[in-house]
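Reader: Got a minute to go through this one with me? Let's put it up and start talking.

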Amino acid sequence: MTNIESQRRPVPLADGGEFDTALAFLGFARESVLKKTEGLTEEQLRRVLVPTGTNLLGLVQHLTDGERYWFGYHVAGQERYRDVDFGMAVPEDVPAERVLADYREACAASDAVLRGTDPSAPTATPVAGAPRSVRWVLAHMTGETARHAGHADILREQLDGTTGR
């Protein structure tokens with residue numbers, strides 16, 4: 001077992017405005033997910049530890065789809081992300097390194113979209129039949145990413161005892 005709280009990091013202290021604070025907390029949640037994957041083997045990243053079949057790599061793939069769907073499709077209007085899968089089953093022929101790189105790329109693309117958008121602006125495509133604000137999408141994705149970071153934390157603790165955020 002690894003040292004308890006070995007991955008603990010302080011929460012962001014960004015407080016320069018609503019948008020910068022929101023982006024800092026989304027970034028913190030994303031980094032927390034990625035932190036859970038560090039130092040693990042391909043087998044460990046794919047190991048299923050709960051009856052639902054959830055594993056760390058699948059969570060990252062799911063969050064990649066979320067980034068593309070919510071920020072790419074709904075905020076930026078990029079049609080290619082309209083019908084993402086959201087699945088957590090990563091094909092064996094897709095290496096973990098590729099899944100992690102895709103998540104980092106999706107997050108960077110989302111940040112570029114967000115930095116070029118007014119948070120109070122309506123989404124480019126409706127959400128549940130009505131436009132929502134970019135702020136709403138940002139809050140939704142922060143909540144989803146933080147929730148899955150918690151799942152990742154539990155999975156990592158089950159794998160090798162490492163905890164922390």
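Author: Sure. One term before we start: buried means under 20% relative accessible area, exposed means over 50%, and partly exposed is in between. Also, this is a predicted model.

Reader: OK, so how does arginine 147 count on that scale?

Author: Its relative accessibility is 43%, so arginine 147 counts as partly exposed.

Reader: And which helix does arginine 147 lie in?

Author: Helix 5. The C-alpha of arginine 147 is separated by 8.7 Å from that of alanine 29, though the two residues are 118 apart along the chain.

Reader: What angle do helix 3 and helix 5 pack at?

Author: About 175°, with the axes 10 Å apart. Helix 3 covers residues 56–75 and helix 5 covers residues 134–160. Angles over 145 degrees count as roughly antiparallel, so that is what helix 3 and helix 5 are to each other.

Reader: How do the residues of that contact of helix 3 with helix 5 divide?

Author: Into 14 nonpolar, six polar and two charged.

Reader: Switching topic: how do the axes of helix 1 and helix 4 cross?

Author: At roughly 175°, and the axes come within 12 Å. Helix 1 (residues 18–35) and helix 4 (residues 96–115) are therefore roughly antiparallel to each other.

Reader: Which residues meet there, helix 1 to helix 4?

Author: From helix 1, they include Phe19, Asp20, Leu23 and Arg30. On the helix 4 side, Tyr103, Arg104, Cys107 and Asp111 are among them. The residues of this contact of helix 1 with helix 4 divide into eight nonpolar, one polar and five charged.

Terms used:
Residues numbered from 1 in each chain as written. Predicted model: local features only at pLDDT ≥ 70, side-chain atom pairs only at ≥ 80, totals over all residues. Heavy atoms only, no water. Axes fitted to C-alpha atoms, helices over the stretch in contact; angles between N-to-C directions. Helix = DSSP H or I, 4+ residues; strand = E, 2+ residues; numbered from the N terminus. Parallel < 35°, antiparallel > 145°, perpendicular 65-115°, else oblique. Contact = heavy atoms within 4.5 Å. Nonpolar A, V, L, I, M, F, W, Y, C, P; charged D, E, K, R; others polar. Buried < 20%, exposed > 50% of the residue type's maximum accessible area, 1.4 Å probe, protein only.
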